[in-house]
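Q: I am new to this structure and would love a close look at one part of it. Could you walk me through it step by step?

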Amino acid sequence: MDEKISDHDEDSENYNFTIHEHDKNEFKRLDLFLSSKLPFSRSTIKKMFLSENISSEEKLSLNKMPPLGTLIEIDVPPPVETDLVAQNIPLDILFEDDHLV
């Protein structure tokens, strides 16, 4: 069963997934499978894969599903700190409608 593993420390998340038959039937690509299970985009998953944060005893490729029973381990790196600060930017409202949010 897919599961989230408890954090080893406060700054990282770890996930483990085992590939089951229904996963192979539903998904043809590992990146699509992972993006459906994780709160990350395929591009973020690709970056984690290239940074070797996604691992397995099997050789993995994002463009195909690994064999049944393969355990995939994902170590999500901590977020990158930034010094960006939100700004209040006044906007001119050009059109307002009660039926449009």
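Q: Let us take Phe33: is Phe33 buried or exposed, and what is its relative accessibility?

A: Happy to help! Please keep in mind that this is a predicted model. Phe33 counts as buried, because its relative accessibility is 0% and the cut-off for buried is under 20%.

To see where that residue sits, let us begin with the chain as a whole. The chain has three helices and four strands, and from the N terminus on its elements run β-β-α-α-α-β-β. There are 101 residues in the chain, and 25% of them count as buried. The accessible surface of the chain comes to about 8,200 Å², and carbon and sulfur atoms account for 51% of that surface. If you take the contacts between residues at least 6 apart in sequence, 51% of them join residues at least 24 apart.

Now for the rings. The structure holds three aromatic pairs. One of them brings together Phe17 and Phe33, in an edge-to-face arrangement with 5.9 Å from centre to centre and 80 degrees between the planes. This pair links distant parts of the chain: Phe17 belongs to strand β2 (residues 13-18) and Phe33 to helix α2 (residues 30-37), and the two are 16 residues apart. Phe17 is buried as well, with a relative accessible area of 4%. Phe33 also pairs with Phe27: the ring centres are 5.6 Å apart and the planes stand at 75 degrees, so this pair is edge-to-face. The cut-off behind that label is an angle over 60 degrees. Phe27 counts as buried too, at 12% relative accessibility. Together, Tyr15, Phe17, Phe27 and Phe33 form one aromatic cluster.

Next, look along the helix that carries Phe33. The buried residues in α2 are Leu30, Asp31, Phe33 and Leu34. They cover an arc of only 160 degrees around the axis, and therefore lie on the same side of α2. What covers these buried residues? The cover includes β2, α1 (21-26), α3 (42-50), β3 (54-55) and β4 (71-76).

The residue that follows Phe33 in that list deserves a stop of its own. Leu34 has its place in helix α2 and is buried, with a relative accessible area of 0%. Leaving aside neighbours within four places in sequence, Leu34 is in contact with Phe17, Ile45, Ile54 and Ile74. Take Ile45 from that group: Leu34 and Ile45 are 11 residues apart in sequence, and their C-alpha atoms are 7.5 Å apart in space.

These contacts lead us to the core. The largest nonpolar core has 18 residues, and those that touch the most other members are Phe33, Leu34, Ile54 and Ile74. At least two residues of this core come from each of β2, α2, α3 and β4.

Let us follow Ile74 into its strand. Side chains alternate along β4: Ile72, Ile74 and Val76 point to one face and are buried, whereas Leu71, Glu73 and Asp75 point to the other and are not. β4 pairs with β2 in the antiparallel sense over six bridges, and Thr18 stands opposite Leu71 in β4. β4 also pairs with β3, again in the antiparallel sense, over two bridges. There, Ile54 stands opposite Ile74 in β4. Not counting residues up to four places away in sequence, Ile74 touches Glu13, Asn14, Tyr15, Phe17, Leu34, Leu38, Met48, Asn53 and Ile54.

One of those contacts makes a good last stop. Asn53 is found in the loop between α3 and β3. Asn53 is buried, with a relative accessible area of 16%. With residues up to four places away in sequence left out, Asn53 touches Met48, Glu73, Ile74, Asp75 and Pro77.

To bring the tour back to its start, Phe33 is buried at 0% relative accessibility, it belongs to an aromatic cluster with Tyr15, Phe17 and Phe27, and it is one of the residues that touch the most other members of the largest nonpolar core.

Key: Residues are numbered from 1 along each chain as its sequence is written. This is a predicted model: local features need pLDDT of at least 70, side-chain atom pairs count only at pLDDT 80 or more; totals for chains, interfaces and linings use all residues. Side-chain values use heavy atoms; hydrogens and water are left out. Rings of Phe, Tyr and Trp (its six-membered ring) pair if their centres lie within 6.5 Å; planes under 30 degrees apart count as stacked, over 60 as edge-to-face and the rest as tilted. Buried means under 20% relative accessible area, exposed over 50%, partly exposed in between (1.4 Å probe, protein chains only). The arc is that of the directions from the helix axis to the C-beta atoms. Contact means heavy atoms within 4.5 Å. Accessible areas come from the Shrake-Rupley method with a 1.4 Å probe; for residues, only the protein chains shown count as cover. Two strands pair if DSSP finds at least two bridges between them. A nonpolar core is a set of buried Ala, Val, Leu, Ile, Met, Phe, Trp, Tyr and Cys residues joined through side-chain atoms within 4.5 Å.
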